Amino acid sequence: MSEQLAKELQLEEENAAFPEVVAAAEGPFITGENIDTSSDLMLAQMLQMEFDKEYDAQLRREEKKINGDSKVSISFENYRKVHPYDSDSSEDEVDWQDTRHDPYRADKPTTTPRRGFIGKGKDITTKHDEVVCGRKNTARMENFAPEFQVGDGIGMDLKLSNQVFNALKQHAYSEERRSARLHEKKEHSTAEKAVDPKTRLLLYKMVNSGMLETITGCISTGKESVVFHAYGGNATEDKVIPPECAIKVFKTTLNEFKNRDKYIKDDYRFKDRFSKLNPRKIIRMWAEKEMHNLTRMQNAGIPCPQVVILKKHVLVMSFIGQDQVPAPKLKDVTLSSEDMKKAYYQILNMMQQLYRECNLVHADLSEYNMLWHDGKVWLIDVSQSVEPTHPHGLEFLFRDCRNVSQFFQKGGVAEALNERELFNAVSGLNITADNEVDFQAEIEALEKMNEDHVQNHGKKLSTFSSEGDPPIYDE
Ligand code: ADP
Ligand code: MG
């Protein structure tokens, strides 16, 4: 199938999944009192779903009765009304926020092979072997951005020399940057898209249960998520609902999550779970991850949205802003030079806290994901954040530092550290290289050291820091 045709089919599928357009200006689209016709439809769908589930339960009872203890059994599976994806409700109904335990904190690496070599005597093959190394380089191509075409090399038994691999990697990075610029343009030109019927059902349930009062409209549609504004409803015994909420719906079209593959595929915290999950569950995992990361940040006192509840791929959190108007992104606000300097030092401290206290690297930190509200900076959008010892964690941190440095240097903050100084200040590492290429090489060497440590010792390094805590910078 040609790529063009595949793209067209994908587009068709997406349009079918996101058929309706809801603009913020249209006013509330799900309210407690004023239920419009689409909510009637929703209600009907909910009832139908309940009815279908009952029907399936009855079917299962009959199946059991007919089969009894017989060794030969017949299955009524084909007569089920509810697709198995939708009926894994026992797990669906789990309120993930109540999972006190943060599964991503666990240090559970997989190790292959433990010893770093195979064979014996003269037949020994170490990890430095040209063939092994070449194969490893080929496999590492998977870490390139998904839109970067690497052909069928990964599937074939291709062995890439270090030289070829490094050239490809440089090219992949520049392609990634180019495609990010293009995407930015496209994002602003495409019409807003709302959510699929199942998600609307979920949102409706939240309003119906009184947790939310009104969902007023959409405040952002991005590549991987749609964000809505809502007025909070009634508090329950164990939950206080903020007066205004933001609802982040992680998009369930499957091509979108592929863009983020590289963040979790190599994440030790995910390795065990990732391969066993279906795509729908992986998308829920993004939402779950954002929730856990926000909770870590809350605990460290970093200004960020407070988690209200997580249901499947829908995360409800406190709204940063007021009267339905979201706080502006740092890129859209004009700050006085004094505020700009204040914002800079605040971010420097937040990056250090994030690294040291939360054991996280934001991994998408820029003026797009920082909001200015109440005279300070708030961090958002942390579903992709990883631990520093993620195989690419330090590279992500360096990228974050570059964005922050450039933004504040361009914004006229004379005190702003350059990206390398900022990286050292945040991580406490003391990388001395005085140019970007060497610096990056040292970062990758550290990451590799960690990877090798995993291979040889079955666990990652507990921390990269050898210099003690990084210095605290203050105004
Ligand atoms: P994406 O992955 O689509 O970038 P974000 O989490 O960055 O998702 O959210 C997209 C936009 O929605 C943000 O730029 C911000 O304007 C708005 N937004 C997200 N969360 C909140 C919040 N809690 N309060 C106010 N606005 C928010
Ligand atoms: Mg964002």
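In this predicted model, ligand 1 is surrounded by 18 residues, and the closest of them are Ser225, Lys248, Ile320, Lys329 and Asp381. By residue class, the shell around ligand 1 divides into nine nonpolar, five polar and four charged residues.

Polar atoms of the protein approach the ligand at several positions, through both backbone and side chains. A backbone N or O atom of serine 318 is placed 3.0 Å from a nitrogen atom of ligand 1, whereas asparagine 369 brings a polar side-chain atom to 3.1 Å from an oxygen atom of the ligand. Lysine 329, which is listed among the closest residues, likewise directs a polar side-chain atom towards an oxygen atom of ligand 1, at a distance of 3.5 Å. Taken alone, ligand 1 would expose 540 Å², and 91% of that area is buried by the protein. The secondary-structure elements that contribute two or more residues to this shell are the strands β4 (212-221), β5 (225-232), β6 (244-250) and β8 (314-318).

Aspartate 381, also one of the residues closest to ligand 1, has a backbone conformation that deserves separate mention. Its phi is near 65 degrees, a positive value in a residue other than glycine, and aspartate 381 is found in the loop between β12 (376-379) and α13 (393-410). With a relative accessible area of 15%, aspartate 381 falls under the 20% limit and therefore counts as buried.

A positive phi is also found at glutamine 324, which is not a glycine and for which the angle is about 70 degrees. Glutamine 324 belongs to the loop that joins β9 (321-322) and β10 (325-326). Because its relative accessibility is 36%, which lies between the 20% and 50% limits, glutamine 324 is classed as partly exposed.

The fold as a whole provides the setting for these local features. The protein chain contains 15 helices and twelve strands, and 45% of its 475 residues count as buried. Among the contacts in the chain with a separation of 6 or more, 68% are accounted for by residues 24 or more positions apart. The chain exposes a surface of about 25400 Å², of which carbon and sulfur atoms supply 51%.

Key. Residues are numbered from 1 along each chain as its sequence is written. Chains are lettered from A and ligands numbered from 1 in the order in which they are written. This is a predicted model: local features need pLDDT of at least 70, side-chain atom pairs count only at pLDDT 80 or more; totals for chains, interfaces and linings use all residues. Side-chain values use heavy atoms; hydrogens and water are left out. Helices (H or I, at least four residues) and strands (E, at least two) are DSSP runs, numbered from the N terminus. Buried means under 20% relative accessible area, exposed over 50%, partly exposed in between (1.4 Å probe, protein chains only). Contact means heavy atoms within 4.5 Å. Accessible areas come from the Shrake-Rupley method with a 1.4 Å probe; for residues, only the protein chains shown count as cover. A residue is near a molecule or strand if one of its heavy atoms lies within 4 Å of it. A polar contact is a pair of N or O atoms within 3.5 Å; within protein, one must be able to donate a hydrogen and the other to accept it, and residues adjacent in sequence count only if both atoms are side-chain atoms. Ala, Val, Leu, Ile, Met, Phe, Trp, Tyr, Cys and Pro count as nonpolar, Asp, Glu, Lys and Arg as charged, and the others, Gly among them, as polar.
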